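Q: Please take a close look at the disulfides in this model. I want to know where they sit and what they join.

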Amino acid sequence: MSADGAEVAGEAEELGEVVAAAADHVRVRGGCGGRVVEPSDVRPPAPGPAEDPYEESEEVPPSCRWFRPGMLDGGDPDPDGVTHDEVDACSVRVTRVKPANRLDHFASVSSVSWRGRLLPEARTAYGAELAALSRAPEPEGGEKSYTLAVWAESSCSGARTLSRVAVETAGSALAADRADRILDAYLTSSGCRAVKVLGKVWK
């Protein structure tokens with residue numbers, strides 16, 4: 001053991017003796033029964049929760065740090081995103097940990113928020129998309145994935161914001177089940193309030 005290591009070990013032993021003495025003093029003053037508290041009874045505190053490797057990774061764009069692979073029961077996330085004064089965008093693809101069928105290998109999420117001068121253009125895109133069918137499409141031959149897009153208005157950092165989250169999965173049931181929760185997680189991470197869901201579109 002190095003000199004530094006011996007010094008740390010000595011400090012830990014001394015601290016254990018102090019804590020044991022204090023605990024035994026409390027035991028006696030309080031009239032508690034039981035045996036004398038020994039230094040060997042002292043245990044170091046359990047380590048705190050580990051940092052999220054996805055959130056802390058420098059490879060994850062800031063606009064994607066709200067996402068967690070577990071939201072789609074996935075792993076090995078592949079994020080890509082951009083951040084601007086008037087728009088934030090993210091796209092993440094994950095590998096499904098427990099595929100439901102032979103086509104269920106991947107799932108993806110995309111998120112976009114517009115503010116300021118880009119709002120009129122975003123509203124135009126919103127209107128065009130919501131003019132499409134708002135129900136799950138019927139399966140067709142060779143169908144490999146379903147995408148459910150959810151649009152919402154909110155106030156983020158005091159600015160009126162229009163947001164869109166799209167969930168793409170091999171089965172429509174998974175997209176329908178997770179889309180609202182993923183939208184909520186996205187907007188909550190951005191500190192958005194007064195959220196109003198405007199509509200959903202199957203693509």
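A: What follows takes the disulfides one at a time, then places them in the chain.

The model is predicted. Searching the whole structure turns up two disulfides. A disulfide is a covalent bond between the sulfur atoms of two cysteines.

Start with C64 and C90. Their sulfur atoms lie 2.1 Å apart, and the two residues form a disulfide. This link of C64 and C90 is right-handed, with 120° about the S-S bond. C64 sits in the loop between helix 2 (53-56) and strand 1 (74-83), while C90 belongs to strand 2 (residues 87-96), so the bond ties together parts that are 26 residues apart in sequence. Here, then, a loop is joined to a strand. Both ends are under cover. C64 has a relative accessible area of 0% and is buried. C90 comes to 5% relative accessibility and also counts as buried. The cut-off behind that call is under 20% relative accessible area.

Now the other pair, C156 and C192. These two form a disulfide with sulfur atoms 1.9 Å apart. The angle about the S-S bond is 105°, and the link of C156 and C192 is right-handed. C156 lies in strand 4 (residues 146-156) and C192 in strand 6 (residues 192-202), so this disulfide ties together parts that are 36 residues apart in sequence. In this case a strand is joined to a strand. C156 and C192 are both buried.

How do the bonds follow one another along the chain? Counting bonded cysteines along the chain, the pattern is 1-2, 3-4. In residue terms, C64 pairs with C90, and C156 pairs with C192.

Next, the setting. The chain holds four helices and six strands. From the N terminus on, its elements run α-α-β-β-β-α-β-β-α-β. On that string, helix 2 and strand 1 flank the loop of C64. Strand 6, the home of C192, is the β at the end of the run.

Last, the chain as a whole. It has 203 residues, and 33% of them count as buried. C64 and C90 are in the buried class, as are C156 and C192. Consider contacts between residues at least 6 apart in sequence: 56% of these join residues at least 24 apart. The accessible surface of the chain is about 12,600 Å². Carbon and sulfur atoms account for 54% of that surface.

Conventions
Residues are numbered from 1 along each chain as its sequence is written. This is a predicted model: local features need pLDDT of at least 70, side-chain atom pairs count only at pLDDT 80 or more; totals for chains, interfaces and linings use all residues. Side-chain values use heavy atoms; hydrogens and water are left out. A disulfide is a pair of cysteine sulfur atoms within 2.5 Å. Helices (H or I, at least four residues) and strands (E, at least two) are DSSP runs, numbered from the N terminus. Buried means under 20% relative accessible area, exposed over 50%, partly exposed in between (1.4 Å probe, protein chains only). Contact means heavy atoms within 4.5 Å. Accessible areas come from the Shrake-Rupley method with a 1.4 Å probe; for residues, only the protein chains shown count as cover.
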